[in-house]
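Reader: I should like a close look at one part of this model, namely the sheet and the helices that pack on it. Please describe the part in a connected account.

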Amino acid sequence: LTIHDVNAFSGDQSSKIVNLMYKLSDLLLTHNQFSKKEIQKIKLDFALNIHIVPHGNYIPFIKVNEDQSNSRRHLDIAHNKKVLLFFGMIKKVKGLEVLLNSLKKVVEKHPDVLLVIAGKVWKNDFGLYQKIIEKYDLQEYCLIRNTFIPQEEVDYYYSSSDLVVLPYTKIYQSGVLMMALSYKKPVLVSDLDPFKEIISDNDNGFIFKSEDSESLSNKLIEILSNKQNLQQVTINGNKMVAETYGWNNIGLLTKQAYKTIF
């Protein structure tokens with residue numbers, strides 16, 4: 001079994017079905033140390049064979065559009081904007097309200113900022129976020145595409161961005177993080193353990209304090225004020241995702257895990 005979302009998979013930890021599924025497995029694969037520890041918290045009367053195989057990159061499966069100006073024209077974004085991207089399904093745990101609450105302070109220092117919100121609301125009401133936008137008069141600083149983004153449009157959004165922001169409040173592993181790095185984009189993430197297993201602040205990405213809008217706004221201002229550092233962090237992140245999370249390495253780790261049951 002490959003366990004991506006530990007909480008959703010485990011559900012009721014006393015569930016007979018969950019216990020049976022785990023008991024019937026010879027091998028569990030999960031993506032990081034955090035998820036492994038969460039699985040080990042589940043009370044079972046038998047031992048589990050758990051191996052960590054990270055979430056691989058998307059480099060072989062995407063086409064990186066290097067022409068940012070063309071992508072911005074396609075999305076009707078001005079070429080002189082500093083574009084922050086929040087991408088993916090909008091769930092409560094994704095922390096969009098944290099990002100919006102941080103934006104007022106950011107635009108005071110960087111009035112050329114544009115936050116692009118691209119994704120469909122899931123079990124949530126966008127009205128919550130719209131109220132924050134209106135409260136701080138952020139309408140001109142936000143481009144909202146509250147809809148499913150078809151695959152053929154995805155590269156335009158990543159190509160248009162200068163920084164991808166993941167202000168999540170809870171996560172096990174993020175496909176959006178791997179996608180952003182695969183598109184050669186720098187990332188700013190909250191200081192959750194699964195993120196910190198991948199991102200080192202000011203090295204291959206940036207980190208702020210989770211659920212803290214003040215920390216996020218300060219970090220955004222810092223990042224946008226140092227273009228040279230942003231470029232170097234982008235290079236480091238791209239190199240890291242290509243090597244550490246490349247499929248040759250993923251294949252080797254998977255093979256080693258499989259060998260434990262043969």
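Author: In this predicted model, Leu166 stands opposite Val189 of strand 8. The two strands concerned are strand 7, residues 163–166, and strand 8, residues 187–190, which pair in the parallel sense over 3 bridges. Their pairing belongs to an open sheet of 6 strands, in which the order is 6-5-4-7-8-9 and the pairing is parallel. The edges are taken by strand 6 (142–145) and strand 9 (206–208); each has a single partner strand, so one side of each is left without a neighbour in the sheet. From one strand to the next, the twist averages 20°.

Two helices may be placed against this framework. Helix 7, residues 151–160, packs on the sheet and touches strand 4 (82–87), strand 5 (113–118), strand 6 and strand 7. The direction of helix 7 makes about 135° with that of strand 4. Helix 8, residues 175–182, lies across strand 4, strand 7 and strand 8, and runs at about 160° to strand 8. Strand 4 and strand 7 thus appear in the account of helix 7 and again in that of helix 8.

A further helix deserves mention for one of its residues. Helix 10 spans residues 213–224 and contains Ser217. This serine has 2% relative accessibility and therefore counts as buried, the cut-off being under 20%. When neighbours within four places in sequence are left aside, the contacts of Ser217 are with Ser102, Lys105 and Val106.

Methods. Residues numbered from 1 in each chain as written. Predicted model: local features only at pLDDT ≥ 70, side-chain atom pairs only at ≥ 80, totals over all residues. Heavy atoms only, no water. Pairing = 2+ DSSP bridges. Helix = DSSP H or I, 4+ residues; strand = E, 2+ residues; numbered from the N terminus. Axes fitted to C-alpha atoms, helices over the stretch in contact; angles between N-to-C directions. Contact = heavy atoms within 4.5 Å. Buried < 20%, exposed > 50% of the residue type's maximum accessible area, 1.4 Å probe, protein only.
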